[in-house]
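Below are some notes on the structure, set out as numbered points. Please read them with the sequence and the model side by side.

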Amino acid sequence: MKNILIVLFLLLINVSAFSQEESKAASLNIEGQIAITTNGKAAFVNFGGPALKFNFNRIAFALNFMPSLKVEEHNSTITLAPILGTGVQFYFLKNKRFILSFPMYYYANKNSWIATAGLGYVISKPKK
């Protein structure tokens, strides 16, 4: 866990260095976005996190961490729990503002990874 935090810290320090050059196909940034994903049993509301984004002419994709809120029903009560996801997102249509999101979440109590899929939208203004 300590190593992961150190790597995340180093990545966040270098965000501005990577994102200032527009000629690069890849950039490291934090983007304002929201996505709703599900695995059929629970719903997840994902918020933009640190991402390594690869831009191409008509499409872009990113490998990122997604701070999320898990919404699940247990015995007719709805529970909310914070959880961190990681996965791939594909950006497409109208200035690459719509997202196909495929985060995965690790459930420590079950010792397993849960795959989800859903849609999202980029809220922040695109960088010029």
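1. The pLDDT is the predictor's confidence in each residue, on a scale from 0 to 100. That term comes up here because this is a predicted model. In the protein, confidence is highest in strand β8 (residues 112–115), at a mean of 93, and lowest in helix α2 (residues 15–19), at a mean of 42. Over residues 11–23 the pLDDT is below 50, and this stretch has eleven contacts in the model beyond near neighbours in sequence. For the protein, the mean pLDDT is 79, with 75% of residues reaching 70 or more.

2. Next, the overall build. The protein contains two helices and nine strands. Read from the N terminus, the order of elements is α-α-β-β-β-β-β-β-β-β-β, with the helices ahead of the strands. Of the contacts between residues at least 6 apart in sequence, 42% join residues at least 24 apart.

3. Surface and interior can be put in numbers. The protein has 128 residues, and buried ones make up 32% of them. The exposed area is about 8,500 Å², of which carbon and sulfur atoms supply 66%.

4. Is Ala35, in strand β2, buried or exposed? Ala35 has 2% relative accessibility, and the cut-off for buried is under 20%, so Ala35 counts as buried. Leaving out residues up to four places away in sequence, Ala35 touches Phe44, Val45, Asn46, Gln89, Ser101, Leu119 and Gly120. Ser68 is 33 residues from Ala35 along the chain, and their C-alpha atoms are separated by 9.2 Å.

5. Ile34 lies in strand β2 too, which spans residues 33–38. Its relative accessible area is 33%, and because partly exposed covers the range between under 20% and over 50%, Ile34 is partly exposed. Ile34 also belongs to a nonpolar surface patch of about 850 Å², made together with Phe47, Leu69, Ile78, Leu80, Leu93, Phe98, Tyr121 and Ile123.

6. Tyr121, one of the residues in that patch, has a polar partner as well. The side chains of Tyr121 and Arg97 are joined by a polar contact of 3.4 Å. Arg97 sits in the loop between β6 (77–92) and β7 (98–107). With 12% relative accessibility, Arg97 falls under the 20% cut-off and therefore counts as buried.

7. Ile114 is located in strand β8, the strand where confidence is highest. Its relative accessible area is 17%, which is under 20%, so Ile114 is buried. Not counting residues up to four places away in sequence, Ile114 touches Asn39, Pro103, Met104, Tyr105 and Tyr107. The C-alpha atoms of Ile114 and Gly85 are 9.5 Å from each other, with the two residues 29 apart along the chain.

8. How many salt bridges does the structure hold? There is one. Side chains of opposite charge can pair when their charged atoms come close. Here the partners are Lys70 and Glu72, whose closest N and O atoms are 3.2 Å apart. Both Lys70 and Glu72 are buried.

Terms used: Residues are numbered from 1 along each chain as its sequence is written. This is a predicted model: local features need pLDDT of at least 70, side-chain atom pairs count only at pLDDT 80 or more; totals for chains, interfaces and linings use all residues. Side-chain values use heavy atoms; hydrogens and water are left out. Helices (H or I, at least four residues) and strands (E, at least two) are DSSP runs, numbered from the N terminus. Buried means under 20% relative accessible area, exposed over 50%, partly exposed in between (1.4 Å probe, protein chains only). A polar contact is a pair of N or O atoms within 3.5 Å; within protein, one must be able to donate a hydrogen and the other to accept it, and residues adjacent in sequence count only if both atoms are side-chain atoms. Contact means heavy atoms within 4.5 Å. Patches are made of residues with over 30% relative accessible area and no salt bridge: like charges are joined within 9 Å, nonpolar side chains (Val, Leu, Ile, Met, Phe, Trp, Tyr) within 5 Å. Accessible areas come from the Shrake-Rupley method with a 1.4 Å probe; for residues, only the protein chains shown count as cover. A salt bridge is a side-chain nitrogen of Lys or Arg within 4 Å of a carboxyl oxygen of Asp or Glu.
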